[in-house]
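Welcome! Here are a few short exercises to work through with the model open beside you. Try each one before reading its solution.

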Amino acid sequence: MKAILILGLLVFGITAVELEAGVPILLKEIKAIKTDHTDFTFLLDLELSQGGKVSEVVALVGDLLEQMKRDQLNDDLEYAHRTTTLGLDIEWLIIVLRNLTKERQDKNNQLSEVNQVLVGLQLQLDAITEQLNILNGKEEQLRQTRAQEAASYQARQENNSKVLAALNEIIPKLQVAVFDQEGKSLLQTEQFEIVEKIKRELGHNHPVAIMVALTTKFDVPTVKRIIDKLEHIRNAVIALMQQEDEQETQSQITFQTQIQEIAELREKFSKDFEVTSQLIKKRTNDKVLLEKRLTIINRDLSLTEQLLIQTREYKEQYDAAYAVRKGKRISEIKTVQQAYDLVENHSKKQK
């Protein structure tokens, strides 16, 4: 419309001298143009009615027409550049959105895998911890049992040593008594002393002590039988002490072997515990990094989606504004073109 008003002012500015021949017919044709631009046709009509020269009007209208076409061409070029740029921006945003969506899915899958691995590693760590606790409990039990066995062995050997010492003391006395009293009966005081010694060392309920105490005839043959029994007991005690020593030695060897096995297992489980703990630490760090990256991705996705929506809306608005602007200018160009053709044709007929 601005171009039409400028055209009208230019045409109106031509000095009117007199109407050229055929101008009334031209005015009728101009008025017959079907257009909404009444300002333009009115001003053109006014100029010609005031005696403006048709040739000058032709030149002015032609210049204006060319200018309007150039403006439209420039607008088309600007629109093509701008809409291409916006289109590329939209395509780029779509690609970014697609890549971010894919990356989010990948990161979520990785996070799920890391969580599964962490669950497995934690179960493994719990199992190792349980094994270590079992080993510690087993070792403690072994040490307690070994201590009890050692204490029991010590008590038994001390008792056996006392018995052996007593026998070693009693038997020689009996042998001396037999040698001194060969063919005679021992004095009752000697019998009493020996009986008390046996009871004291072997115990009141010991078979030998009971046998001696119940012996009414404490003569040499009887004492010899007692000596034989005591020597048999002494030999049994010596054998028992040797057996006890052997069993104690074997128990110590077995204990040390078991302790060594436990130590080796504990070392293995401790290494497994350390390795598993490090894996859990590493996977936990991986999980933290994945969660941080997912936070950034979700933020970027939201921003990209908003920017894509805004860019599309802007492009739609820009396209609509261009379409309205172009339609209006094309209409103006068409109107001016019709007027130009009429004026130019009239000018050619007058030559």
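This predicted model holds 16 salt bridges.

**Exercise 1.** Find the helices that hold R146 and E248, and decide whether each residue is buried or exposed.

*Solution.* Start with the side chains: R146 and E248 meet in a salt bridge, with N and O 2.9 Å apart. Next, place the partners: R146 is in helix α4 and E248 in helix α7, so the pair ties together parts that are 102 residues apart in sequence. Lastly, check accessibility, where buried means under 20%. R146 has a relative accessible area of 9%, so R146 is buried. E248 is also at 9% and counts as buried.

**Exercise 2.** How many residues apart are K268 and D272 in helix α7?

*Solution.* K268 and D272 are four residues apart in helix α7, about one turn of the helix. Their closest N and O atoms are 3.1 Å apart, in a salt bridge. For accessibility, K268 is partly exposed at 46%, and D272 is partly exposed at 27%.

**Exercise 3.** Which residues does T83 touch, leaving out those up to four places away in sequence?

*Solution.* First locate T83, in helix α4, which spans residues 54-180. T83 touches K315, Y318 and D319. With K315, the side chain of T83 makes a polar contact of 3.2 Å. T83 has a relative accessible area of 15%, so T83 is buried.

**Exercise 4.** Which helix gives the most residues to the largest nonpolar core?

*Solution.* This core has 13 residues; among those touching the most other members are L167, I171 and L230. Helices α4 and α7 each supply at least two residues, and α7 gives the most, with seven.

How values were computed
Residues are numbered from 1 along each chain as its sequence is written. This is a predicted model: local features need pLDDT of at least 70, side-chain atom pairs count only at pLDDT 80 or more; totals for chains, interfaces and linings use all residues. Side-chain values use heavy atoms; hydrogens and water are left out. Buried means under 20% relative accessible area, exposed over 50%, partly exposed in between (1.4 Å probe, protein chains only). A polar contact is a pair of N or O atoms within 3.5 Å; within protein, one must be able to donate a hydrogen and the other to accept it, and residues adjacent in sequence count only if both atoms are side-chain atoms. Contact means heavy atoms within 4.5 Å. A nonpolar core is a set of buried Ala, Val, Leu, Ile, Met, Phe, Trp, Tyr and Cys residues joined through side-chain atoms within 4.5 Å. A salt bridge is a side-chain nitrogen of Lys or Arg within 4 Å of a carboxyl oxygen of Asp or Glu.
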